[in-house]
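Thanks for coming. I will take a few minutes to walk through one model, starting with a term I need later.

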Amino acid sequence: MELKGKVVVVTGGASGIGKALCEAFAADGARGVVVADLDGEGAQAVATAIGGLGLRINVADEAEVRGLVAAATERFGQVDLLCSNAGVIARRDEDAANADWQRHWDVNVMAHVYAARAVLPQMLARGAGYLLHTVSAAGLLSQVNAAPYSVTKHAALGFAEWLSIAHGAQGIRVSALCPQGVVTPMLLGADAGSGRPSFLADGALSAEQVAACAVQGLRDERFLILPHPEVLGFFQRKANDYERWLGGMRRLRAKVVGDAS
């Protein structure tokens, strides 16, 4: 997929990976970039800088997601690429409050479902369209100190896979962007309660590096877009020897959360 002349919608576009994606798409010649975020002022600031459309959107509300797609279509005529990028993380175990689990489910999973429901009818009618879901390496591996995040990212990856299987023959392309550590507000704030830096800080990429990788992945129409190439090796080890991989992840968790146990 070449971005020149395309219309793109990005959720979670006010900061981090989403902001970098909006900037990269605009620089690559997108005809229209719609920046959507719960932070409406931030979305407008990004949109103003790149000549796009900024909207305040709560991706956990299906009606608002439908309204986002409708507004983008009214402004630019259609949506060629929808980047479902918004996400949340809390460093909690299985005893996280039900409200925390629900919030992760609503934002990290159902927002992807709402986006697909809203935009697929027009894409299927044209026989062309692209969905880019920001998932995380946690969807392939795990997040050893964040149960709700890890579980919902696995579900998000499963939904992206399903979309590709169900609609790939109808001209719909799907990619899952699965970075490991990225220098974003999410990473910087993930362990704020513990006073420790995130264990993913070492080797973390900038949001701009991730966006550049995403653009190339879209050109190649790859399902898995892995800004950290080592993630593929970890995933292969997991598949080849699940028991050994689990043992290694237990050791990693002990290292990460041991001081708080």
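A word on handedness before anything else: a crossing of two helices is called right-handed if the near helix is turned clockwise from the far one by less than a right angle, and left-handed if the turn is anticlockwise. Also, please keep in mind that this is a predicted model.

With that term in hand, look at helix H4, residues 98–126, and helix H5, residues 147–167. H4 passes H5 in a right-handed crossing. Their axes are 8 Å apart and make an angle of about 15 degrees. Angles under 35 degrees count as roughly parallel, so H4 and H5 are roughly parallel to each other. Which residues of H4 meet H5? On the H4 side they are Trp 101, His 104, Trp 105, Asn 108, Val 109, His 112, Val 113, Ala 116, Leu 120 and Leu 124. The H5 side includes Tyr 149, Val 151, Lys 153, Phe 159, Leu 163 and His 167. By class, the residues of this contact divide into 15 nonpolar, 5 polar and 1 charged.

There is another helix pair to set beside that one. Helix H1, residues 16–27, packs on helix H7, residues 207–220, with the axes 8 Å apart and an angle of about 55 degrees. H1 and H7 are therefore oblique to each other. Here too the crossing is right-handed, as H1 passes H7. From H1, the residues in contact are Gly 16, Ile 17, Ala 20, Leu 21, Glu 23, Ala 24 and Phe 25. From H7, they are Ala 207, Glu 208, Val 210, Ala 211, Ala 214, Val 215 and Leu 218. That contact has 11 nonpolar, 1 polar and 2 charged residues.

Now the sheet. It is open, has 7 strands with parallel pairing, and its order is E3-E2-E1-E4-E5-E6-E9. Which strands are at the edges? They are E3, residues 53–56, and E9, residues 224–225, each of which pairs on one side only.

Let me go through part of that order, starting at strand E1, residues 7–11. E1 runs parallel to strand E2, residues 32–37, and 5 bridges join them. E1 also runs parallel to E4, and there the number of bridges is 3. Val 9 is a useful residue to click on: its bridge partner in E2 is Val 34, and its bridge partner in E4 is Leu 82.

Moving along, strand E4, residues 81–84, pairs with E5 in the parallel sense over 4 bridges. Cys 83 has Leu 132 as its bridge partner in E5, and Ser 84 stands opposite His 133 in E5.

How many of the residues of strand E5 are buried? The count for E5, residues 129–134, is 6 of 6. In a regular strand the side chains alternate between the two faces of the sheet. For E5, one side has Gly 129, Leu 131 and His 133, the other has Tyr 130, Leu 132 and Thr 134, and both faces are covered. E4 is likewise covered on both faces, with Leu 81 and Cys 83 buried on one side and Leu 82 and Ser 84 buried on the other.

Next, a residue in a helix that I have not mentioned yet. Ala 72 is found in helix H3, residues 62–76. Is Ala 72 buried or exposed? Its relative accessible area is 0%, and the cut-off for buried is under 20%, so Ala 72 is buried. Leaving out residues up to four places away in sequence, Ala 72 touches Val 9, Val 34, Gly 77, Gln 78 and Val 79. Val 9 and Val 34 are the bridge partners from E1 and E2 that I pointed out earlier. As a distance for orientation, the C-alpha atoms of Ala 72 and Val 215 are separated by 21 Å, with their positions 143 residues apart along the chain.

Last, two backbone details in loops. Ser 136, in the loop between E5 and H5, is not a glycine but has a positive phi of about 115 degrees. With 8% relative accessibility, Ser 136 counts as buried. Glu 221, in the loop between H7 and E9, also has a positive phi without being a glycine, here about 55 degrees. Glu 221 has a relative accessible area of 39% and is partly exposed.

That is what I had; I will take questions.

Methods. Residues numbered from 1 in each chain as written. Predicted model: local features only at pLDDT ≥ 70, side-chain atom pairs only at ≥ 80, totals over all residues. Heavy atoms only, no water. Pairing = 2+ DSSP bridges. Axes fitted to C-alpha atoms, helices over the stretch in contact; angles between N-to-C directions. Parallel < 35°, antiparallel > 145°, perpendicular 65-115°, else oblique. Contact = heavy atoms within 4.5 Å. Nonpolar A, V, L, I, M, F, W, Y, C, P; charged D, E, K, R; others polar. Buried < 20%, exposed > 50% of the residue type's maximum accessible area, 1.4 Å probe, protein only.
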